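Work through the exercises below with the sequence and the coordinates at hand, and try each task before reading the solution that follows it.

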2 protein chains.
Amino acid sequence: MKLTHEEIAQLLLENNIKPSYQRIRIMEYLIDNRIHPTVEDIFNEVHKDVPTLSKATVYNTLHLFIDAGLLRVITIDEHETRYEIGLHDHGHFKCNSCGKIYDFDVNPECLSVPDSLNNFEISEKNVYFKGICPGC
Amino acid sequence: MKLTHEEIAQLLLENNIKPSYQRIRIMEYLIDNRIHPTVEDIFNEVHKDVPTLSKATVYNTLHLFIDAGLLRVITIDEHETRYEIGLHDHGHFKCNSCGKIYDFDVNPECLSVPDSLNNFEISEKNVYFKGICPGC
DNA sequence: ATCATTGCAAACACTTTGCATACGC
DNA sequence: GCGTATGCAAAGTGTTTGCAATGAT
């Protein structure tokens, strides 16, 4: 189910983003590599195929995607900004040893809004755990 | 129930931290101002009373407290590192408009570990919501 | 006197910005 | 040709580091 460049271009257009080559390649990377990559990760990999790519463009593009609601920032760790293309709500587990981030399904109960937030308008819910993964 | 400097010194000693004046004042600030302050907040306020205080010392001291388990980093937003002295587990709500952070009690169900994390050793659990607070 | 803590300034890493070039309709 | 996206380099921010001065026991 790998998307073609045309399909990705379509996806971008639907979100009012002009599908430049760089943007398509960055989106392609994000779709194919659901590893919660950092800017570093994205830049390094896409740069291999698109040598002229600059980091500024990566930053620009990610912000574009975020504003369009296509991309989410994962804020688990200071000093480390990661991104993932938005699916359903789910939790993240970060291994403090190897640094890998795992997805997990959260108890739906969990995301119920407590009484104390009655008059709050909630746009985003996040759950994350930290610890050591089985491999470490 | 404001703690005296002596009581704070005692608290630090119990955690194997030498109670220097700066450390006491920083801890005092953290205890008296449960507003999830940033380094900026802490530095600015404590600096008023302790003019020689340097930011490096604030950073040093916060790391000391964190290592001792007295302090927690709140990672809600990239570009913004906030701290709170550790109490029970609770959720945080951040208002995207005024930036204020509210505490709320999370559904205990929420923090139950899902099957998919069976063999994971979990040391930290976090829940945070974002949106707009009633005041905004 | 010794060892730890502090404060300053320089170094760092990550991100943003400004601007000139290049690209696409 | 015009407007936008890109790439570079410089500027900006927040945090860390090295080291000399200070403070405590």
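**Exercise 1.** Determine how the axes of helix H1 (residues 5–14) and helix H2 (residues 21–32) of chain B are placed relative to each other, and which residues make the contact.

*Solution.* The model is a predicted one. Two packed helices are described by the angle between their axes and by the distance between those axes. For H1 and H2 of chain B, the axes come within 10 Å and cross at roughly 100 degrees. Angles of 65 to 115 degrees count as roughly perpendicular, and H1(B) is therefore roughly perpendicular to H2(B). On the side of H1(B), the contact is made by B:His5, B:Ile8, B:Ala9, B:Leu11 and B:Leu12, while H2(B) contributes B:Tyr21, B:Arg23, B:Ile24, B:Arg25, B:Met27, B:Glu28 and B:Ile31. Sorted by class, the residues of this contact comprise eight nonpolar, one polar and three charged.

**Exercise 2.** Describe the packing of helix H3 (residues 39–49) against helix H4 (residues 55–67), taking chain A and then chain B.

*Solution.* In chain A, H3 and H4 pack at an angle of about 120 degrees, and their axes are 10 Å apart. Since angles of 65 to 115 degrees count as roughly perpendicular and those over 145 as roughly antiparallel, H3(A) and H4(A) are oblique to each other. The crossing in which H3(A) passes H4(A) is right-handed. From H3(A), the residues A:Val39, A:Glu40, A:Ile42 and A:Phe43 meet A:Lys55, A:Val58, A:Tyr59 and A:Leu62 of H4(A), and the residues of this contact divide into six nonpolar, no polar and two charged.

In chain B, H3 and H4 pack at about 120 degrees with axes 10 Å apart, so H3(B) and H4(B) are oblique to each other. Their crossing is right-handed, and the contact joins B:Val39, B:Glu40, B:Ile42 and B:Phe43 of H3(B) to B:Lys55, B:Val58, B:Tyr59 and B:Leu62 of H4(B). By class, the contact of H3(B) with H4(B) has six nonpolar, no polar and two charged residues.

**Exercise 3.** Summarise the secondary structure of chain A and the span of its C-alpha trace.

*Solution.* Chain A has four helices and five strands, and reading along the sequence gives the pattern α-α-α-α-β-β-β-β-β. Along its principal axes, the C-alpha trace of chain A spans about 50 × 40 × 30 Å.

**Exercise 4.** How many residues of each chain take part in the contact between chain A and chain B, and how many salt bridges are counted between these chains?

*Solution.* In the contact between the chains, 35 residues of chain A touch 35 residues of chain B. The area buried between chain A and chain B is about 3000 Å², of which 62% comes from carbon and sulfur atoms. The count of salt bridges between chain A and chain B is zero, although the structure holds 22 salt bridges over all chains.

**Exercise 5.** Which parts of chain A does the salt bridge between A:Asp32 and A:Lys2 tie together?

*Solution.* Side chains of opposite charge can pair when their charged atoms come close. The side chains of A:Asp32 and A:Lys2 meet in a salt bridge, at 2.7 Å from N to O. A:Asp32 lies in helix H2 (residues 21–32) of chain A and A:Lys2 in the segment before helix H1 (5–14) of chain A, so the pair ties together parts that are 30 residues apart in sequence.

Key:
Residues are numbered from 1 along each chain as its sequence is written. Chains are lettered from A and ligands numbered from 1 in the order in which they are written. This is a predicted model: local features need pLDDT of at least 70, side-chain atom pairs count only at pLDDT 80 or more; totals for chains, interfaces and linings use all residues. Side-chain values use heavy atoms; hydrogens and water are left out. Axes are lines fitted to C-alpha atoms, for helices over the stretch in contact, and angles run from 0 to 180 degrees between N-to-C directions. Helices (H or I, at least four residues) and strands (E, at least two) are DSSP runs, numbered from the N terminus. Angles under 35 degrees count as roughly parallel, over 145 as roughly antiparallel, 65 to 115 as roughly perpendicular and the rest as oblique. A crossing is left-handed if the near helix is turned anticlockwise from the far one by less than a right angle, and right-handed if clockwise. Contact means heavy atoms within 4.5 Å. Ala, Val, Leu, Ile, Met, Phe, Trp, Tyr, Cys and Pro count as nonpolar, Asp, Glu, Lys and Arg as charged, and the others, Gly among them, as polar. Buried area is the accessible area (1.4 Å probe) that two parts lose on being put together, summed over both. A salt bridge is a side-chain nitrogen of Lys or Arg within 4 Å of a carboxyl oxygen of Asp or Glu.
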